[in-house]
Amino acid sequence: MATSSLLLACLFFFSVILSHGVLQLEASHAVYANLQTLQKPTSPNQTYRTSYHFQPPKNWMNDPNGPMIYKGIYHLFYQYNPNGADWGSIVWAHSTSLDLVNWTPHPPAISPSQQAGDINGCWSGSATILPGDKPAMLYTGINPQSHQVQNLAVPKNLSDPFLIEWVKSPKNPLMAPTTSNKINSSSFRDPTTAWLGPDGTWRVIIGSKINRQGLAILYKSKDFVHWIQSQQPLHFADDTGMWECPDFFPISTNSQNALDTSMVGSGIKHVLKLSLDDTKHDYYTIGTYNLNKDIYIPDKGSVDGDSGLRYDYGKFYASKTFFDSVKQRRILWGWINESMPQPEYIKQGWSGVQAIPRNIWLDKSRKQLVQWPISAIETLRTNQVDLPSKLLKGRSMLEISSITAAQADVEISFSVLEIEKAEVMDPSWTNPQLLCSQKDASIKGGLGPFGLKVLASKDLKEHTSVFFRIFKAQNNKHVVLMCSDQSRSSLNQNTDKTTYGAFLEVDPIHEQLSLRSLIDQSIVESFGGEGKACITARVYPTLAIGGKAHLYAFNNGRGSVRISKLSAWSMKRAHIY
Ligand code: DQQ
């Protein structure tokens, strides 16, 4: 393009952004002819495909991108490789939904097309709803030098509620590493949803690092096109490594209703979530956003890094929330990666699943978040089975039959009867994952392990155990440990069977201990203590497949527990593609 016409195009883009007019700009790269997202699965191995978790018909998927609601329609974009089951050639695939459960696929929304902006890849980013209900995507592009830069794309036609076509700003890249800003060009990615300060200035953070220090670099803009780097990052923490996919949002201290990302004021705390490239864990802190200094300070006790609070203590990464302005809720999406070696998922023909969208809010303690699967997922429940209150003596098991155990939703609550049988907690047991692997489901305890055995073969050669143990700590308090033990989940020797664990902030003397597991062929997504701790596992049974899978409640401890509530459902298949 000649310099003068480029200048004209820039001026035009700038003016439509300012006037909130309809944009008609450079169309995104047309790759529709060889779209693979629209094809029905043919070759992929179907054994471990899920029935109500989001996944494309084949190929590789990773991070959720730019989730949002527009004109009553939910949009999910995601990192997708149209050419194969491994990471590479990444585009933004796109699906829409009326309920976040059933989906319609569309052509990829953003694909590499701009020489200076994204010719080598369109990586993760987020949606911001600009005044006048105008969505805008900030995303990371990979330029010809393989540097990470930040770009803008907007819908071509705002009257199309499905927002099929997207156009990129001719000003891209809008933020880039330079010799003067000293930004590390291979560690500068994943812009958040931007927020508008009371001063009328937009702010966005980008994940980065300097040596081992993780950074949330802050940029500001008056017009969403010209961005200026702030001198100080919004937040940083030593020895945490690269911060991918940051997410920053306000949360109400006195209501489960969510807040728009730009809300500030009293009765509000802020959450900063970071995805740690080193460990592939998403952790978050709860704290205060100082508007005057534009810095975020975690509350005392809210710890940065891998030992901090996590959305999920199993497989769950590169997550992102959005504010659902229609239902006043904040919805969390997260990517569940495979636990099989790369050659096996390439052979399988697909890789990656999204977790069930979760509603999140601040716990009444104000020290942690609570998460719960969106209620619309319950529309898939069928064949309800309820069991009356039942004593589960030590070393006993109970089959939950009459449902499709490989595709189920189970809610169970326990009350503890013999608290005096709790083992003494050693103060050195500070790592719940380690404790769960040392005391796996086969190790008999005083109180626990008790919980569920899911995706179990009849002979129990294969099963995944999701369970609790209760320990007696000093000062007469009790500690509840929640574990997901994959060590016997599959006869396949090659899969990762790491056991996961979390401490659960529940008082087992005065409160029931609840567990909900969403079971979907190769996924076990578990919520303990009504959503205070979540653990997602990826498992590949060879015997406990489809109709051969069983479900049990079990107690392998010495002390009895009572099942105070047990409801289970078969889950219908959702329409995903
Ligand atoms: N995935 C994207 C990056 C992001 C990473 C590339 C996190 O933008 O940092 O596919 O999984």
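**Exercise 1. Sort the residues that line the second largest pocket into nonpolar, polar and charged.**

Solution.
Step 1. In this predicted model, the lining of the second largest pocket divides into 11 nonpolar, 9 polar and 9 charged residues.
Step 2. Now find the centre. The lining has 29 residues, and the closest to the centre of this pocket are Glu244, Lys280, Tyr317, Trp335 and Asn337.
Step 3. Add the space. The second largest pocket holds about 500 Å³.

**Exercise 2. Find which elements and which domains supply the lining of the second largest pocket.**

Solution.
Step 1. List the strands. At least two lining residues come from each of β1 (59-70), β5 (122-130), β15 (243-252), β20 (317-324) and β21 (329-336).
Step 2. Pick out the main contributor. β1 has the largest share of this lining, with 3 residues.
Step 3. Check the domains. Domain 1 (61-373) and domain 2 (383-571) each give at least three residues to the lining of the second largest pocket.

**Exercise 3. Describe the largest pocket: its space, its centre and its residue classes.**

Solution.
Step 1. Start with the space. The largest pocket contains about 1300 Å³.
Step 2. Go to the centre. Among its 47 lining residues, Leu309, Tyr313, Phe503, Leu504 and Glu505 are the closest to the centre.
Step 3. Trace the elements. Two or more lining residues come from β17 (281-290), β19 (309-310), β25 (369-373), α3 (432-438), β33 (478-485), β34 (500-504) and β37 (533-538).
Step 4. Name the main contributor. β34 gives the most to this lining, with 4 residues.
Step 5. Sort the classes. The lining of the largest pocket has 21 nonpolar, 14 polar and 12 charged residues.
Step 6. Check the domains. At least three residues of the lining of the largest pocket come from domain 1 (61-373), and at least three from domain 2 (383-571).

**Exercise 4. Work out the order of the sheet that holds β5, and explain why β5 and β8 each have one side without a neighbour.**

Solution.
Step 1. Read the order. An open sheet of 4 strands runs β5-β6-β7-β8, with antiparallel pairing.
Step 2. Look at the edges. β5 and β8 (166-168) stand there with a single partner strand each, so one side of each has no neighbour in the sheet.
Step 3. Note the twist. From one strand to the next, the twist averages 30°.
Step 4. Take one pair. β5 pairs with β6 (residues 134-142) over 7 bridges, in the antiparallel sense.
Step 5. Zoom in on a bridge. Gly125 has Tyr139 of β6 as its bridge partner.
Step 6. Link back to Exercise 2. β5 is also one of the strands that supply at least two residues of the lining of the second largest pocket.

Key: Residues numbered from 1 in each chain as written. Predicted model: local features only at pLDDT ≥ 70, side-chain atom pairs only at ≥ 80, totals over all residues. Heavy atoms only, no water. 1 Å grid on protein atoms, 1.4 Å probe; cavity = no way out; pocket = protein on both sides within 12 Å on 5 of 7 lines; lining within 4 Å. Points joined across faces, edges and corners; volume = space filled by probe spheres on them. Nonpolar A, V, L, I, M, F, W, Y, C, P; charged D, E, K, R; others polar. Domains from an automatic or database assignment. Pairing = 2+ DSSP bridges. Axes fitted to C-alpha atoms, helices over the stretch in contact; angles between N-to-C directions.
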